[in-house]
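Colleague: Could you walk me through this one before I look at it in detail?

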Amino acid sequence: MRALGALCLCFLAGCARQAAVHSPGARFREAADESGLRFHHFTGATGQFYLPEIMGSGVALLDYDGDGDLDVFLLQGTVLEPGKTVSDARFPPPAGWKPGNRLFRNMLKETGRLQFTDVTEEAGLNRAAFGMGVAVGDYNNDGYPDLYVTNFG
């Protein structure tokens, strides 16, 4: 038993030393709002504790416009309980919230800086459903990325 305790202490000491060696400080900062990537995930939770409400949704990175940089497709939730609306949600969305999935075009090549533009409407992706997952691939082999979106319900 003593040997096991000593082994655990050695392991923990090694982990602590490793963490101290590899912690150069914070390298990330929140830049979504300033870059135009304005999105608020809405769970649609109304208090019934439906399983999909706690599972989140999905995100896909793809070159939507063919310019070589990655654009962002984000899935959205919605109210699942029949007869309930967004105003019945336990965690209501902020003012100005847009329901449905969102596609953000990366304008890095065009502007020289990280800037996103919401192109959901022009891409025809303004569907309001309870998004659960998304995958990207060239399904029809035409050289362009295709989205496979899964929704609950």
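Modeller: What follows goes from the overall fold to the strands, the core, the salt bridges and a few surface features, and the model is a predicted one.

Colleague: Fine, so how many helices and strands are there, and in what order do the elements run?

Modeller: The protein has three helices and six strands, and from the N terminus the order of the elements is α-β-β-β-α-β-α-β-β.

Colleague: And what share of the residues is buried?

Modeller: Of the 153 residues in the protein, 27% are buried. Among contacts between residues at least 6 apart in sequence, 60% join residues at least 24 apart. The protein exposes about 10,500 Å², and carbon and sulfur atoms supply 58% of that area.

Colleague: Which strands are joined to strand 3 by bridges?

Modeller: Strand 2 (residues 71–74) is joined to strand 3 by three bridges, the two running antiparallel, and V72 has F104 as its bridge partner there. Strand 4 (residues 116–118) is also joined to strand 3 by three bridges and also runs antiparallel to it, with T117 as the bridge partner of R105.

Colleague: Why is strand 3 described as largely enclosed by the rest of the structure?

Modeller: Strand 3 covers residues 102–106, and four of its five residues are buried, so the rest of the structure largely encloses it.

Colleague: Which residues make up the largest nonpolar core?

Modeller: There are seven of them, namely A60, L62, F73, L75, L103, V119 and V134. Leaving aside residues up to four places away in sequence, L103 touches Y64, V72, F73, T117, D118, V119, T120, A123 and L125.

Colleague: Switching to charges, how many salt bridges does the structure hold?

Modeller: It holds six salt bridges. One of them is between the side chains of D65 and R105, at 2.3 Å from N to O. D65 sits in the loop between strand 1 and strand 2 while R105 belongs to strand 3, so this pair ties together parts that are 40 residues apart in sequence.

Colleague: Are those two buried, partly exposed or exposed?

Modeller: D65 counts as partly exposed at 25% relative accessibility, and R105 is partly exposed as well, with a relative accessible area of 23%.

Colleague: What about R102 and D118?

Modeller: Their side chains meet in a salt bridge of 3.1 Å, N to O. Since R102 lies in strand 3 and D118 in strand 4, the pair ties together parts that are 16 residues apart in sequence. R102 counts as buried at 5% relative accessibility, whereas D118 is partly exposed at 28%. Elsewhere, salt bridges that share partners join D65, R105 and E110 into one network.

Colleague: And R29 with E34, are they buried or exposed?

Modeller: R29 counts as exposed at 61% relative accessibility, and E34 is exposed too, with a relative accessible area of 51%. The side chains of R29 and E34 meet in a salt bridge of 3.2 Å, N to O.

Colleague: Moving to the backbone, where do F49 and N141 lie?

Modeller: F49 is in the loop between helix 1 and strand 1, and N141 is in the loop between strand 5 (130–137) and strand 6 (146–152). Most residues other than glycine have a negative phi. F49, however, has a positive phi near 60 degrees, and the phi of N141 is likewise positive and near 60 degrees. F49 is exposed at 68% relative accessible area, and N141 counts as exposed at 69%.

Colleague: Last one, which residues form the nonpolar patch on the surface?

Modeller: L51, I54 and M55 form it, with about 360 Å² of accessible area together. M55 is found in the loop between helix 1 (2–21) and strand 1 (59–62).

Notes:
Residues are numbered from 1 along each chain as its sequence is written. This is a predicted model: local features need pLDDT of at least 70, side-chain atom pairs count only at pLDDT 80 or more; totals for chains, interfaces and linings use all residues. Side-chain values use heavy atoms; hydrogens and water are left out. Patches are made of residues with over 30% relative accessible area and no salt bridge: like charges are joined within 9 Å, nonpolar side chains (Val, Leu, Ile, Met, Phe, Trp, Tyr) within 5 Å. Accessible areas come from the Shrake-Rupley method with a 1.4 Å probe; for residues, only the protein chains shown count as cover. A salt bridge is a side-chain nitrogen of Lys or Arg within 4 Å of a carboxyl oxygen of Asp or Glu. Buried means under 20% relative accessible area, exposed over 50%, partly exposed in between (1.4 Å probe, protein chains only). Two strands pair if DSSP finds at least two bridges between them. Contact means heavy atoms within 4.5 Å. A nonpolar core is a set of buried Ala, Val, Leu, Ile, Met, Phe, Trp, Tyr and Cys residues joined through side-chain atoms within 4.5 Å.
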